[in-house]
Amino acid sequence: MYVFPAIDVLCGKAVRLLQGDYDRVTVYHDDIVAQAAVWVEQGAEWIHMVDLDGARTGEPINIDAIAAVAATYPDLRIQVGGGIRTRETAQRLLDAGVTRVILGTALVKDTALVREMVTTFGDERLVAGVDARDGMVAVEGWREGSAVAATELVDTLRDLGLKHLVFTDISRDGAQTGIDAAAYRSVAATAGFPVIVSGGVTTLDDIAAAGTLGTRVAEGVIVGRALYEKNFTLTEAIETLARAT
C-alpha cells in the first residue's frame with residue numbers, strides 16, 4: 001500500500017483547491033519540480049498529479065511541467081489526471097514519462113474511448129477517477145454534475161477493462177474532515193478491486209485508518225493539504241501506513 005503525495009498543478013504552480021472550487025485556491029509552491037523534490041526526499045515512491053487547467057478546459061495545459069518532474073526523477077512513479085479526454089493526450093503523457101493516466105470525464109461521456117485506451121495502453125497504464133458529490137458523479141473538473149450515481153459508474157469499471165480506481169469524496173477534498181472508511185469498503189466491494197483513498201485526510205489517524213482497510217480494499221491513500229499544512233510529514237505518513245497495513 002502506498003502514500004500518494006498530491007501535486008495539483010494550476011498555471012504551473014503547486015496548489016490545492018477547497019472542495020474542487022477554483023475560486024478557493026491556495027498556492028503552496030511556484031515550482032512543481034521543487035515540490036516533487038520535497039516529496040522524493042521524504043520517501044515518495046508515487047506522486048499523484050492533477051492538471052487543474054486541463055481538467056477545467058478539457059485540453060492538456062501543464063504537460064511540459066509534468067514532464068520536467070518525470071525527467072528529473074526517472075525512478076519516481078507518477079499518475080496524472082485532468083483533461084485526459086483523447087488517446088493522443090494520454091499518449092503524450094505516457095511518452096513524457098508518466099507511469100499511468102487517470103480517466104474521469106471520459107468514463108461518463110465516452111466509454112468507447114475508454115475501451116480503446118485499455119486496448120491501446122493496457123490496464124496497468126490507466127486509472128479510473130470517480131469523483132462523487134452527494135453520491136453523484138461530477139465531471140469536467142468537478143464543475144458539472146451528472147445523472148450518474150457513483151456506485152453505478154464504479155460497477156461498470158471491470159467491464160470497461162479497468163482495475164485501478166481513485167475514488168474522491170469531493171465534499172471532503174481539501175477540507176481536512178477525515179476519511180469515510182466504510183465508504184471505501186463499499187466502493188472496493190462494488191468495483192471488485194482495491195481503491196485509492198482520496199479526500200479528507202487530516203491526521204496520521206486517517207492514514208492508519210486507510211491502512212487498516214487492508215490491501216484487498218485499498219491500494220493506497222492520496223494526501224494533499226495535510227502535508228502542505230505540515231500536519232505531519234510524508235515520512236511519518238509512510239511509516240504510519242506501513243505499521244497499520
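How much accessible surface does the chain have, and what share of it belongs to carbon and sulfur atoms? The accessible surface comes to about 9,900 Å², and 47% of that area belongs to carbon and sulfur atoms. The structure on display is a predicted model, and the tour below proceeds from the whole chain to single residues.

**The whole chain**

Begin with the entire chain selected and shown as a cartoon. Twelve helices and twelve strands can be traced along the chain. Reduced to its C-alpha atoms, the chain fills a box of roughly 40 × 40 × 35 Å along the principal axes. The radius of gyration is 16 Å, which agrees with the value near 18 Å that a compact globule of 245 residues would have.

Next, colour the chain by accessibility. Buried residues account for 53% of the 245 residues. Contacts may be displayed as well: of those between residues at least 6 apart in sequence, 69% join residues at least 24 apart.

Then select the charged side chains. There are 22 positive and 34 negative side chains, and the centres of these two sets lie 2 Å apart.

**Confidence**

Now colour the model by pLDDT. The mean over the chain is 91, and 93% of the residues reach 70 or more. Select residues 141–145, where the pLDDT is below 50; this stretch nevertheless has 20 contacts in the model beyond near neighbours in sequence. Where pLDDT is low, the predicted coordinates should not be read in detail.

**Strand β10: Val166**

Select residues 165–169, which form strand β10, and pick out Val166 within that strand. Is Val166 buried or exposed? With a relative accessible area of 4%, under the 20% limit for burial, Val166 is buried. Show the surroundings of this side chain: apart from residues up to four places away in sequence, Val166 touches His48, Gln79, Val127, Ala128, Gly129, Val130, Ile196, Ser198 and Ile222. For a distance across the fold, draw a line from Val166 to Val80; the two are 86 residues apart along the chain, and their C-alpha atoms are separated by 11 Å.

**Strand β6: Ile102**

Move to strand β6, residues 100–103, and select Ile102. This residue counts as buried, at 10% relative accessibility. Which residues does Ile102 contact, leaving aside its neighbours within four places in sequence? They are His48, Gln79, Val80, Gly81, Ile84, Val127, Ala128 and Gly129. Keep His48 and Gln79 in view, since these names appear in the list for Ile102 and also in the list for Val166. Another distance to draw runs from Ile102 to Gly82: the pair is 20 residues apart in sequence and 7.4 Å apart in space, C-alpha to C-alpha.

**Helix α9: Val187**

Turn to helix α9, residues 181–191, and select Val187. At a relative accessible area of 9%, Val187 is buried. Beyond residues up to four places away in sequence, Val187 touches Val154, Leu165, Phe167 and Val195. One of these partners, Val154, is 33 residues away in sequence, with a C-alpha to C-alpha separation of 7.2 Å.

**Strand β3: Val27**

Select strand β3, residues 21–29, and find Val27. How exposed is Val27? Val27 is partly exposed, with a relative accessible area of 46%. Its contacts, with neighbours within four places in sequence set aside, are Lys13, Ala14 and Val15. From Val27 to Val9 there are 18 residues in sequence and 9.5 Å in space between the C-alpha atoms.

**Two loop residues**

The tour ends at two loops. Select Cys11, which is placed in the loop between β1 (2–10) and β2 (13–18). Its backbone has a positive phi of about 55°, although Cys11 is not a glycine. Cys11 is exposed, with a relative accessible area of 62%.

Finally, select Lys230, in the loop between α11 (225–228) and α12 (234–244). What is the phi of Lys230? The angle is positive, about 65°, although Lys230 is not a glycine either. Lys230 counts as exposed at 69% relative accessibility.

Note on methods. Residues are numbered from 1 along each chain as its sequence is written. This is a predicted model: local features need pLDDT of at least 70, side-chain atom pairs count only at pLDDT 80 or more; totals for chains, interfaces and linings use all residues. Side-chain values use heavy atoms; hydrogens and water are left out. pLDDT is the predictor's confidence in each residue, from 0 to 100. Contact means heavy atoms within 4.5 Å. Helices (H or I, at least four residues) and strands (E, at least two) are DSSP runs, numbered from the N terminus. The radius of gyration is taken over C-alpha atoms; the globule rule is 2.2 Å times the number of residues to the power 0.38. Buried means under 20% relative accessible area, exposed over 50%, partly exposed in between (1.4 Å probe, protein chains only). Accessible areas come from the Shrake-Rupley method with a 1.4 Å probe; for residues, only the protein chains shown count as cover. Lys and Arg count as positive and Asp and Glu as negative; His and the chain ends are not counted. The place of a charge is taken as NZ of Lys, CZ of Arg, CG of Asp or CD of Glu.
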